[in-house]
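Here is a short round of questions and answers on a predicted model. Keep the structure open as you read.

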Amino acid sequence: RSNEEISTILSKKLPDFDSDLFLKETNNIQGQLFPDTYFIYPLTGIDEIVKLLNNTFKRKTKTALEKGYKNYSSEEIIIMTSVVEEEANGDNDRDIIAGILWNRLEKGMMLQVDVAPETYKTKGLPKSPITNFGIKSLEATVNPKDSLYLFYLHDKNGMIHLAKNYTEHKNNIKKYLK
């Protein structure tokens, strides 16, 4: 969930919640608020809510981020995890998508993910996380499925189809998306 989505949820649950202030306070920590179930008193201040969500993020991601992945920094892993969170279609394909995206990055390819349009224009990761993510996406990102695949797509039923090269990918597009 993005900071905006979290703000919308909190606005519906807390009568005096200041959405604008929340977004201002969380502007530089997209990707570092842990989406979870929380019990928050109606009069809890924005600073306390932000601290709660951020501290939960730090606590729940500490082990995986310390383990890391190859020579990537924690910041790079957080950004990639935010992409995996948005690109995956549930738990079944997070690890294969993480593996494919790491493969692309290591080959110097553009990521070209729909959830981050700038990845069609420039190589590398987005400049910052695009959303907040759960622990399953982080685990998949630091433990990606090793494969030779470089492309994937989801069909109308949410099934993933993989390709090792662009020709195979174009065939998958014709077969599953037309």
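Q: Is helix 5 largely enclosed by the rest of the structure or largely exposed?
A: Buried here means under 20% relative accessible area. Of the 13 residues of helix 5, 11 are buried, so the helix is largely enclosed. Among these buried residues are Arg94, Ile97, Trp102 and Arg104. The answer is largely enclosed.

Q: Which elements do the buried residues of helix 5 pack against?
A: Contact means heavy atoms within 4.5 Å. The partners include both helices and strands. They are helix 4 (74-87), helix 6 (135-142), strand 1 (151-154) and strand 2 (160-163).

Q: How far does helix 5 reach from its first C-alpha to its last?
A: Helix 5 covers residues 94-106, which is 13 residues. At 1.5 Å a residue, 18 Å is expected. The model comes close to that, with a reach of 18 Å.

Q: Which residue just after helix 5 takes a positive phi?
A: The phi is about 75°. The residue is a glycine. It is glycine 108.

Q: How many residues apart in sequence are the parts tied together by phenylalanine 57 and phenylalanine 133?
A: The two rings form an edge-to-face pair, 5.8 Å centre to centre with 75° between the planes. Both residues are buried. Phenylalanine 57 lies in helix 3 and phenylalanine 133 in the loop between helix 5 and helix 6, so the pair ties together parts whose separation is 76 residues.

Q: Which residues form one aromatic cluster with Trp102?
A: Trp102 is one of the buried residues of helix 5. Its cluster partners are Tyr69 and Tyr72.

Technical notes:
Residues are numbered from 1 along each chain as its sequence is written. This is a predicted model: local features need pLDDT of at least 70, side-chain atom pairs count only at pLDDT 80 or more; totals for chains, interfaces and linings use all residues. Side-chain values use heavy atoms; hydrogens and water are left out. Helices (H or I, at least four residues) and strands (E, at least two) are DSSP runs, numbered from the N terminus. The expected span of a helix is 1.5 Å times one less than its number of residues. Buried means under 20% relative accessible area, exposed over 50%, partly exposed in between (1.4 Å probe, protein chains only). Rings of Phe, Tyr and Trp (its six-membered ring) pair if their centres lie within 6.5 Å; planes under 30 degrees apart count as stacked, over 60 as edge-to-face and the rest as tilted.
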